[in-house]
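Thanks for asking me to look this one over with you. Have the structure open while you read, and take the points at your own pace.

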Amino acid sequence: MSGRDLFCQPRRVRRGATLTLVFAGVLIAGAATGSLPEPDAPARKTAAGPAGTATRHEAVERAAAEAMADGKSPMEAAERAVSRSGDRWAAVYSEGEYEEFQDALDGRYTGVGLSARQTPDGRVEVTRVQPGSPAADAGIRPGDRLRSVDGRAVDGRPVTEVVALLRGDALRGEAADAPAGTTVTLGLERGTRAWTRTLHRARLSTDSVTVHRLPGGVTVLKIAAFTKGSADAVREALRTAPAGGRTVLDLRGNSGGLVTEAVDTASAFLDGGLVATYDVDGAQRALHAAPGGDTTRPLVVLVDGGTMSAAELLTGALQDRGRAVVIGSRTFGKGSIQMPTTLPDGSVAELTVGHYRTPLGHTVDGRGVTPDLEAGTHALERAETVLTGLGDPS
């Protein structure tokens, strides 16, 4: 089975009831829809199954087909049908958007390679610069203030709008962003210095897993999203971690990603067994870990309200299997599954077809995962204390 939980939209999505945050020139964790497509099939025709599910897919397809026959936009008709369906996580993508979406899941995007946040006073501050990116080559550093993009002031703008400017749609609502090689001029400030720099957008690969070591042999693995290769990066980090060390798996702000990567990550800490169950059109299925994972290394998982979808699936598995202590705050509660349907004009509609549950049968959707220990801003410090109490893995 090929599985994914679509963790980000290509831009600020205005369709359906889907929450958005963008994976673009600026890397931002965000809310997402989820999907478990059939093997080797990026999209499918109407689902067979319970009447409600089949009816929703059929209604969207029928609306799109009728619009095309009348010389109208199938995509717009599908959007209206989706909005009437009451499906919280449904979304409609143009053909180009869906391709960009898949690229993002594969860890590829077009941009300049910086992450940013809005400070309490409304300013936009660079938080990370991807090595080897146009932003890095231009000498931009974390802590720099981003003042403008192509002459447009960004103070007070939501970061999602700043992303749109960096990507090149300039808030015009266009279906496609500016391609690699196009330029974007940034106004920057560092201390008393203010300057502008013109960068060329580039095709970049994401680095969704970062590793740092703490005193006492603690390895912190921060997974921003489950893009392609995330599980391999986790395994490599564990392979090179100090012998007899302890691990913190930081899933705070992780809005999901590829379900297969989340299951493979679970396999790094489990010796086979159940990771989750799920239903698609009423048919019950299961996801299992591969055998041979590290079951002895003390493990803490950090979560918060931004931990979603595939990240919740992983958290629930490690918690229910008694493999990890979960610390933080209740997770988002997005445990539904979407299937894609191809429309006559090549656009794609995704509608909810089922939900997944943890190994002990707990429903995630609308409830989230409750941590074993509540913790706020000092969650990492709490994790270090807990790891000390878990003892020597040998």
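Here are my notes, starting with the whole chain and moving on to its parts.

1. Please keep in mind that this is a predicted model. The protein has nine helices and 19 strands. Of its 394 residues, 55% count as buried. It exposes about 15700 Å², and carbon and sulfur atoms supply 50% of that area.

2. Now look at how the chain meets itself. Among contacts with a separation of 6 or more, 69% are between residues 24 or more positions apart.

3. A good place to start is the open sheet of six strands, in the order β10-β11-β12-β15-β16-β19, with mixed pairing. Why is one side of β10 and of β19 left without a neighbour in the sheet? Both strands stand at the edges with a single partner strand each, so there is nothing beside them on the other side within the sheet.

4. At one end of that order you can follow a hairpin in detail. Strand β10 (residues 209-214) and strand β11 (residues 218-223) pair in the antiparallel sense over six bridges. Try finding two of the partners: T210 stands opposite K222, and R213 has T219 as its bridge partner. Three residues lie between the two strands, and G216 in the turn has a positive phi of about 85°.

5. Two helices meet this sheet. Helix α8 packs on it, touching β12, β15 and β16, and its direction makes about 145° with that of β15. Helix α9 (residues 379-390) lies across β10, β11, β12, β15, β16 and β19, running at about 160° to β15.

6. Is helix α8 (residues 310-320) mostly covered or mostly open? Mostly covered: eleven of its eleven residues are buried. Among them are E312, Q319 and D320, as well as L313, L314 and L318. Just after the helix, G322 takes a positive phi of about 70°.

7. Which residues touch the most other members of the largest nonpolar core? They are L249, V275 and L318, out of 39 residues in that core. Elements giving two or more residues to this core include β11, α6, α7, β13 and β15. Helix α8 provides the largest share, six residues. A separate core of 20 residues lies apart from this one, with L114, A116, V124 and L146 among its members.

8. To finish, zoom in on L249. Leaving aside neighbours within four places in sequence, L249 is in contact with L221, I223, F269, L299, V300, V301, L302, L314 and L318. Two of these contacts, L314 and L318, belong to α8, the helix that packs on the sheet.

Terms used. Residues numbered from 1 in each chain as written. Predicted model: local features only at pLDDT ≥ 70, side-chain atom pairs only at ≥ 80, totals over all residues. Heavy atoms only, no water. Buried < 20%, exposed > 50% of the residue type's maximum accessible area, 1.4 Å probe, protein only. Helix = DSSP H or I, 4+ residues; strand = E, 2+ residues; numbered from the N terminus. Pairing = 2+ DSSP bridges. Contact = heavy atoms within 4.5 Å. Areas by Shrake-Rupley, 256 points an atom, 1.4 Å probe, with all protein chains shown as cover. Core = buried A, V, L, I, M, F, W, Y, C linked by side-chain atoms within 4.5 Å. Axes fitted to C-alpha atoms, helices over the stretch in contact; angles between N-to-C directions.
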